[in-house]
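Hi everyone, thanks for making time this morning. I'd like to walk you through a structure, so please have a look at it with me.

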Amino acid sequence: MNKPTIVVCDHIHESGLDILKNTDDINYVYAADIDKVALLDVIKDASVAITRSSTDVDQKFVDAAVNLKAIIRAGVGYDNVNMDACSAKGIIAMNVPTANTIAATELTMTHMLSCMRKMPYAHAQLKNDRIWKREDWYGQELYGKKLGVIGFGNIGHRVALRAKGFEMDVVTYDPYIPSTKATDLGVEYTTNFDDILACDIITIHTPKNSETIDMIGEKEIAKMKDGVIIINCARGGLYNEDALYNNLKSGKIAMAGIDVFTKEPATDNKLLDLPNIIVTAHLGANTVESQYKIATQAANNAIEAARGIGYPHALNLPIDESKIPAFVKPYLELTQKMAFTIAQMDKSDIKSIKIDATGDIANYLDSLTTFAAVGALTHAVGNDKINYVNASFVANEKGIKLDSSNNTNDTVYKNKVTVKITTSNGVNTISGTIFDEDVQRIIEINNFIVDVEPHGKMILFRNSDVPGVIGEVGKTLGDNNINISDFRLGRNDKGALAVIIVDDNVNEDILNKLKNLEAATAVSFVQI
């Protein structure tokens with residue numbers, strides 16, 4: 001089978017490039033420095049593309065990318081991705097929504113403090129003009145002020161927590177979250193947008209879409225307090241820039257902290273002419289730590305997509321995302337990975353795929369089954385065009401039965417998903433759950449209790465539970481220059497199962513040496 005090709009279309013941190021360079025089952029093409037017209041020739045061979053804001057994933061791009069099955073937008077926003085064009089071609093579009101969370105949160109607080117104390121202007125007077133006039137710079141304290149947070153997602157809720165640390169009163173408006181997500185953190189939750197408009201400081205943290213463009217305009221500003229402070233470190237255009245300009249000029253808005261603009265670069269934006277605005281050039285993700293996380297997450301997500309393991313943070317799944325809570329997505333990804341794992345453990349013909357689910361996640365059995373089918377069939381059928389749209393059709397064509405059930409058995413886990421795949425060779429099951437909203441864990445393999453992150457290169461070594469096995473396995477791998485990075489052991493009355501995380505690929509020769517150990521009963525190599 002030909003190796004899938006990942007094309008990097010824009011500049012990302014070297015850490016992400018290193019991951020791609022050192023992954024031996026993909027072809028890696030660096031195309032960030034070539035002309036965007038020439039890129040259209042390069043992209044025709046890509047299975048997966050990584051882009052940022054410099055590359056428009058428009059109709060021309062999609063038409064040129066004849067082999068593309070996934071696009072990774074290395075960042076939060078995806079304004080430059082034609083989602084309809086991608087969906088029409090069966091291309092899964094993904095972003096990296098959490099990598100710059102802390103950077104954007106801290107920039108928001110920086111703008112907030114800068115507006116309250118006018119720090120950039122005070123700095124410029126002393127540093128550039130060499131004037132010492134303390135009386136020019138009487139600011140305000142955050143303490144006791146009321147902050148309105150529009151959007152209470154990854155960034156919004158962290159801004160609220162930091163504002164609470166400054167002993168501010170915080171109220172949030174977000175119709176897409178349960179009120180308890182805010183109130184559990186000591187934040188007031190409102191369904192009345194006017195409560196936000198009555199605050200001393202207002203910050204916005206929503207995506208940019210038809211619902212949020214020009215969300216704050218003349219009408220909304222007219223309801224605000226005189227002297228309100230406005231912050232936008234999210235997306236340009238959420239505040240109407242003409243209304244913002246007019247009300248900053250009149251003094252209705254005392255100060256604004258703005259990192260993003262409707263049109264960028266914004267070097268000729270009229271807002272820059274005003275004396276009561278703090279501006280930065282879209283620096284929300286501009287920290288060393290954030291760029292590292294964006295690049296490494298984008299690279300790992302691209303590799304998962306190229307292998308057909310999963311599509312983390314997919315934006316255009318054939319699922320009505322407005323009807324599924326946020327907690328469901330990590331379970332979908334985990335289910336696909338568990339099925340992909342089983343398909344590597346037993347490579348014989350698949351007869352059936354069954355999903356058992358316990359807890360609230362059981363309400364989404366159809367989606368879980370689709371994801372399991374994609375995971376299992378990508379490896380078993382060897383068809384790199386398997387996706388969420390055609391997986392059920394391919395399974396039916398191959399005579400593979402898809403089944404699911406709501407498992408009411410008692411479990412210590414609030415939610416649990418089990419994938420059971422029957423082949424001509426036997427039956428394998430893997431169970432998993434999610435911790436802390438998005439931490440994926442495999443918790444059981446063929447009735448052996450384990451605790452394994454579904455990621456990396458793993459040897460599954462089943463054996464009779466007798467002394468000396470771990471030493472023999474370690475020696476065999478050491479003799480063949482295979483480094484063990486982690487070792488997880490599950491035991492029951494039928495023997496033991498070791499999940500051995502290794503740094504290197506394990507070939508058939510090494511696997512055969514492990515299989516020939518006296519205590520070994522089953523050995524397989526899995527790469528996720």
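Let's start with Asp486, which has a relative accessibility of 28% and so counts as partly exposed. Its partner in a salt bridge is Arg488, and the closest N and O atoms of the two are 2.9 Å apart. Arg488 is partly exposed as well, at 31% relative accessibility. Please keep in mind throughout that this is a predicted model.

How many salt bridges does a search of the whole structure find? The count is 17, and I'd like to show you two others.

One of them joins the side chains of Lys133 and Asp136, with an N to O distance of 3.9 Å. The cut-off for a salt bridge is 4 Å, so a pair at 3.9 Å is still counted. Lys133 has a relative accessible area of 35%, which makes this residue partly exposed. Asp136 falls into the partly exposed class too, at 33%.

Next comes the pair of Glu304 and Lys337, with the closest N and O atoms 3.2 Å apart. This pair links distant parts of the chain: Glu304 sits in helix α12, residues 288–307, Lys337 sits in helix α13, and 33 residues separate them. Are these two residues buried or exposed? Both Glu304 and Lys337 are buried.

Helix α13 comes up again when we turn to cavities. The whole structure was searched, and 2 cavities of 30 Å³ or more were found. The second largest has a volume of about 30 Å³. Which element gives the largest share of its lining? That is helix α13, residues 328–345, with 3 residues. The full lining of this second largest cavity consists of Tyr311, His313, Ala314, Leu317, Lys329, Leu332, Glu333 and Phe371. By class, that makes 5 nonpolar, 1 polar and 2 charged residues.

The largest cavity has a volume of about 40 Å³. Around it you'll find Asn232, Gly236, Gly237, Tyr239, Glu241, Leu244, Ile258, Val260, Phe261 and Leu271. Its lining divides into 6 nonpolar, 3 polar and 1 charged residues. If the polar count puzzles you, glycine is counted as polar in this scheme, so Gly236 and Gly237 join Asn232 in that class.

Now for the backbone, where I've picked out a few spots for you. Where is the cis peptide bond I want to show you? Look at the step from Glu264 to Pro265, with omega near 0°. Pro265 belongs to the loop between β11 (253–258) and β12 (277–279).

Then there are two residues other than glycine with positive phi. For Lys118, phi is near 55°. Lys118 is placed in the loop between α5 (101–117) and α6 (119–127). With a relative accessibility of 26%, Lys118 is partly exposed.

The other is Asn481, with phi near 60°. You'll find Asn481 in the loop between α16 (469–479) and β20 (484–492). Is Asn481 buried or exposed? The relative accessible area of Asn481 is 67%, and the cut-off for exposed is over 50%, so this residue counts as exposed.

To recap the salt bridges I showed you: Asp486 with Arg488, Lys133 with Asp136, and Glu304 with Lys337. Thanks for listening, and I'm happy to go back to any of these spots.

How values were computed. Residues are numbered from 1 along each chain as its sequence is written. This is a predicted model: local features need pLDDT of at least 70, side-chain atom pairs count only at pLDDT 80 or more; totals for chains, interfaces and linings use all residues. Side-chain values use heavy atoms; hydrogens and water are left out. On a 1 Å grid over the protein atoms alone, a cavity is a set of points where a 1.4 Å probe fits but cannot get out, and a pocket is an open set with protein on both sides within 12 Å along at least five of seven lines; lining residues have an atom within 4 Å of a point. Grid points are joined across faces, edges and corners, and a volume is the space filled by probe spheres set on the points. Helices (H or I, at least four residues) and strands (E, at least two) are DSSP runs, numbered from the N terminus. Buried means under 20% relative accessible area, exposed over 50%, partly exposed in between (1.4 Å probe, protein chains only).
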